[in-house]
Amino acid sequence: MAEIWDEQELIGEGFERVFAELDRYDAPVFGLAEVDGEPHYFRLVYEDTYAVWPVDAAQLALERERWALFAAWHTRYEAGTAEPDTHPGAGGVDARYDELTALLLPHRDTPAEPRVLTAQWRSTPGPRYRPDGVDYRVRWRPAD
């Protein structure tokens with residue numbers, strides 16, 4: 001995802017919002033994004049193929065709150081005002097982050113029969129981690 005794309009053009013081409021990146025290894029592995037305009041978890045199955053399943057409004061609100069706590073920490077970290085050991089995911093650093101993690105954990109398991117789609121990712125301008133999401137969008141296609 002090294003090339004930066006115009007966000008409005010991507011929207012016009014059917015690329016959707018990514019709310020949170022919960023795991024990454026060379027590419028997004030697990031997170032929350034729109035699928036057909038509705039919030040879904042996504043989890044990498046292999047290469048560019050993902051299991052996706054719906055997220056209800058209450059879960060989405062909690063996930064976005066948790067993400068905003070992380071994004072705020074990351075901004076401080078990049079500015080040099082926060083140390084790595086203050087990362088909210090370290091446990092015991094941010095009580096609300098810990099509480100949100102515990103509340104959300106049961107909803108993050110991939111269901112037995114998720115929808116399976118392929119993803120195409122495109123980077124957009126701006127900060128990597130933002131309170132409202134990340135610096136890329138996704139377009140979903142049916143898996144072969």
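Thr 49 lies in strand 4 of this predicted model. With a relative accessibility of 4%, Thr 49 counts as buried, because the cut-off for a buried residue is under 20%. Residues up to four places away in sequence being set aside, the contacts of Thr 49 are with Arg 43, Leu 44, Val 116, Leu 117, Thr 118 and Ala 143. Strand 4, which spans residues 49-54, is also the element in which confidence is highest, at a mean pLDDT of 98. The lowest confidence belongs to helix 1 (residues 7-12), where the mean is 84. Over the chain, pLDDT averages 94, and 99% of the residues score at least 70. Where pLDDT is low, predicted coordinates should not be read in detail.

A second buried position was examined in strand 7, which comprises residues 133-134 and contains Gly 133. Gly 133 is classed as buried because its relative accessibility is 2%. Its contacts, again without residues up to four places away in sequence, are Val 18, Phe 19, Trp 67 and Arg 128. Separation along the chain and separation in space can both be stated for Gly 133 and Asp 144: the two residues are 11 positions apart in sequence, and their C-alpha atoms are 28 Å apart.

The largest pocket of the model has a volume of about 230 Å³. Its lining is made up of Glu 21, Leu 22, Asp 23, Arg 24, Arg 66, Trp 67, Phe 70, His 87, Tyr 97, Arg 108 and Tyr 129. Two elements, strand 1 (16-24) and helix 2 (57-78), each give two or more residues to this lining. Strand 1 gives the most, with four residues. By residue class, the lining holds five nonpolar, one polar and five charged residues. Trp 67, one of the lining residues, is also among the contacts of Gly 133.

Salt bridges were then considered. Side chains of opposite charge can pair when their charged atoms come close. A search of the whole structure finds nine such bridges. One of them joins Arg 108, a residue of the pocket lining, to Glu 63, with 2.8 Å between the closest N and O atoms. This pair links distant parts of the chain, as Arg 108 belongs to the loop between helix 3 (95-104) and strand 5 (115-123) while Glu 63 belongs to helix 2, 45 residues apart. Arg 108 and Glu 63 are both buried.

Another salt bridge is formed within helix 3 by the side chains of Arg 96 and Glu 99, with an N to O distance of 2.8 Å. These two residues are three positions apart in helix 3, about one turn of the helix. Arg 96 is classed as partly exposed because its relative accessibility is 29%, and Glu 99 is likewise partly exposed, with a relative accessible area of 40%. Both values fall between the cut-offs of 20% and 50%, and the two residues are therefore neither buried nor exposed.

A further bridge connects the side chains of Asp 135 and Arg 128, with 2.8 Å from N to O. Asp 135 is buried, its relative accessible area being 11%, whereas Arg 128 is partly exposed, at 25%. Asp 135 and Arg 128 also take part in a network of salt bridges that includes Glu 21 and Arg 24. Glu 21 and Arg 24 are among the residues that line the largest pocket. Arg 128, in addition, is one of the residues touched by Gly 133.

The backbone was examined at two aspartates. Most residues other than glycine have a negative phi. Asp 26, by contrast, has a positive phi, near 70°. Asp 26 is placed in the loop between strand 1 and strand 2 (28-35). Asp 26 counts as exposed because its relative accessible area is 71%, and the cut-off for an exposed residue is over 50%. Asp 36 also has a positive phi, of about 55°, although it is not a glycine. Asp 36 is found in the loop between strand 2 and strand 3 (38-46). At 56% relative accessibility, Asp 36 is likewise classed as exposed.

Technical notes:
Residues numbered from 1 in each chain as written. Predicted model: local features only at pLDDT ≥ 70, side-chain atom pairs only at ≥ 80, totals over all residues. Heavy atoms only, no water. Buried < 20%, exposed > 50% of the residue type's maximum accessible area, 1.4 Å probe, protein only. Contact = heavy atoms within 4.5 Å. 1 Å grid on protein atoms, 1.4 Å probe; cavity = no way out; pocket = protein on both sides within 12 Å on 5 of 7 lines; lining within 4 Å. Points joined across faces, edges and corners; volume = space filled by probe spheres on them. Nonpolar A, V, L, I, M, F, W, Y, C, P; charged D, E, K, R; others polar. pLDDT = per-residue confidence, 0-100. Salt bridge = Lys/Arg side-chain N within 4 Å of Asp/Glu carboxyl O.
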